[in-house]
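Trainee: I should like to request a close look at a single part of this model, taken slowly and in a connected way.

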Protein chains: 2
Amino acid sequence: MENFVHDIPTKLYFGKGMISHLEESLKSFGKRVLLTYGGGSIKRVGLYDEVLEILTKAGFEVFECAGIEPNPRVESVARGADICKKEKIDVILSVGGGSVLDCSKAIAVGAYFNGDDYWQMVLASNGSQKALPLVAIMTMAATGSEFDSGGVISNMAIHKKIGRTFTFPAVSICDPCYTFTLPAKQSAAGGADMMSHIMEGYFSRTMNADLSEAIEEGILKSVIHNLPIVLQDPTNYEARANLFWNSSIACSGIPEYGKVSSGWPCHAMEHELSAFYDITHGVGLAILTPRWLSYILEKDSSITPRLVKFAKNVWGLENKDETELAKAGIQALYDFFVSVGIPMHLSELGIDETHFEEMAKSCTHPWFDSFVGLSEEDVVCIFKMCL
Amino acid sequence: MENFVHDIPTKLYFGKGMISHLEESLKSFGKRVLLTYGGGSIKRVGLYDEVLEILTKAGFEVFECAGIEPNPRVESVARGADICKKEKIDVILSVGGGSVLDCSKAIAVGAYFNGDDYWQMVLASNGSQKALPLVAIMTMAATGSEFDSGGVISNMAIHKKIGRTFTFPAVSICDPCYTFTLPAKQSAAGGADMMSHIMEGYFSRTMNADLSEAIEEGILKSVIHNLPIVLQDPTNYEARANLFWNSSIACSGIPEYGKVSSGWPCHAMEHELSAFYDITHGVGLAILTPRWLSYILEKDSSITPRLVKFAKNVWGLENKDETELAKAGIQALYDFFVSVGIPMHLSELGIDETHFEEMAKSCTHPWFDSFVGLSEEDVVCIFKMCL
């Protein structure tokens, strides 16, 4: 087992009706609240009205930063941070999915940033900068942003999508009922996202960190079981709740404790796809992961035991031929993504190979794919396999 | 899934050499340190000298509260709290196992207690009282006290051993190397303790909290795998590290998230044994658990599916007869405890039935064993099965 540091100060209220803790969660920080949200789905489902009623009754002064994008832009960070500075905001309340919360984390740091080049601020953020306190109400089970300090911000003008650490939410409220109205496409993409968060850590050379392995395999099996249920029965509380808690833990770092990090190669490659084509993060990850696995298995057969464990423990497969078994596990993953309706070819998203070389150049760095080293040429091959 | 609240602010440094973070962990709290420890084993292994050297070099003023008992007494709480008040201590540094840390948590609350009846303070503690900051260096994998706010304090004069919540360590340092010198008996009792922390939650009516089930079964399997290794090879780092991280998570509450609590009946019964006979907590739990399971399976066959899951997923057993399979799982647990050298009869510890009725009266309360309700008579029967 490798050394690790656990340091997650977030208080998490999980379950039905936990919005009852909203007022107490905000009030110790002050009275001036910046409410951040996305494209208005929280208005359609009535959550916006519910939140505003609680805040108004409790005497908070509410300012708004709406319209945060699915791949949140640095321009939204700037807009939110400027409101914080101008209105002397005490606490940020993020209501939405991971994109809104990622952007809100960057806004929380931006509120103390001296300057107006917020892209430089994003690039320099490492979790140690001063930040405004942040409370999150989550409406989607996917990124796990509610239980980590990370955020991914895009600068479309220069085709960059960058992950950095900003600040932890002080409090996150996760009510599975808020995910009942999530469209099937987003539920599926969210499931792929949380599976990817696990698989990025699972595919490591470290095989003996028992609890991490159990958590990783447990979450993968739970998503495989529950995602098809919510696609058939969107208001199934038990399935939504399991997916939600899986997603919160999946990106917390906990499932990787004691393991050598793989460098999260699929995320690095996917960020290039989103930066150039603004595609849904979870869809990009679903397309990339089985191709990446096939490619690295071909390149380095020493990883076969890890893929055999994946095939056996996650998919319940058996085969005396270890290479065949490893391949069957990858195929099972691919088939699962197909079965939940994810488009599994980049060409279906209107993407061709125009920018593959530029993207490959941009995503390879010294710690990129420490599981099986990959060159720019390797990455181009993987992108081509995804067409 | 049931609602839950996650709220663990402790920063945890896990792994070899993590004592390098001791100075930075203490210094933000002040200069006056109360060093708490037990019977001197930390002196024998050189850890006392190592800690004192770090503290002295860094300019801390060190006061000591030594001799904290394996079942820590309220008298030790009083002694430590009085030093904190008299010497205006800024931060407590606990070096030892769970007993030293449990006592240190109560001392941290006691430092702000107006009065000198510390037993009343213990009884009233609920985690909301003001407390001194606390840093822990753990030398044993067992109680998981490094990652929760709970502590168990004994008042032998009135035969009471009581668990309450006091305060979380601000920082816990867990270096598996510190557990290399732990005698086999204590390693085995520690393993039984962490298994019990899991089993108290695992045996619940809730079957659909996927991640919690995966964590519970993962930790049980890991202890079953690694405990025999450390008994043969005490300096096996990988096995010691897995046991240590298992123990930290096992008592954190995380493995029970989303489940109806069982009321921790074996702990309630064991606290009576320790309060009357001062036995090792883990040994008492190992003796009680298989007898409790046999008794409740006989009393309420509706719990058979849960015990079947235990037999299959934890012990890898198969049998078409579900009752037989359930019983085989309990037998496997009993045989495992025997195999690691735990005395499995109370008579071996010099305990007879003299106080069983008094103990049964004391441990039954409204939320005692909500998994299968047990009366005082039932508890007496279980104690008798343990003779």
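What is the mean pLDDT of chain A, and what percentage of its residues reach 70 or more? With that settled, please examine the open sheet of seven strands.

Mentor: The mean pLDDT of chain A (the predictor's confidence in each residue, from 0 to 100) is 96, and 100% of its residues reach 70 or more. This is a predicted model, in which local features need pLDDT of at least 70, side-chain atom pairs count only at pLDDT 80 or more, and totals for chains, interfaces and linings use all residues. Residues are numbered from 1 along each chain as its sequence is written, while chains are lettered from A and ligands numbered from 1 in the order in which they are written. For the complex, the predictor gives an ipTM of 0.96 and a pTM of 0.96.

The sheet runs in the order E1(A)-E2(B)-E9(B)-E6(B)-E5(B)-E3(B)-E4(B), and its pairing is mixed. Strands (E, at least two residues) are DSSP runs, numbered from the N terminus, and two of them pair if DSSP finds at least two bridges between them. At the edges stand E1 (4–6) of chain A and E4 (61–65) of chain B; each has a single partner strand, so one side of each is left without a neighbour in the sheet. On average, neighbouring strands are turned by 15 degrees against each other, direction ignored; the axes are lines fitted to C-alpha atoms, and angles run from 0 to 180 degrees between N-to-C directions.

At the E4(B) edge, the partner is E3 (residues 32–36) of chain B, paired with E4(B) in the parallel sense over five bridges. Within that pairing, Thr36(B) has Cys65(B) as its bridge partner in E4(B).

Note on methods. Helices (H or I, at least four residues) and strands (E, at least two) are DSSP runs, numbered from the N terminus.
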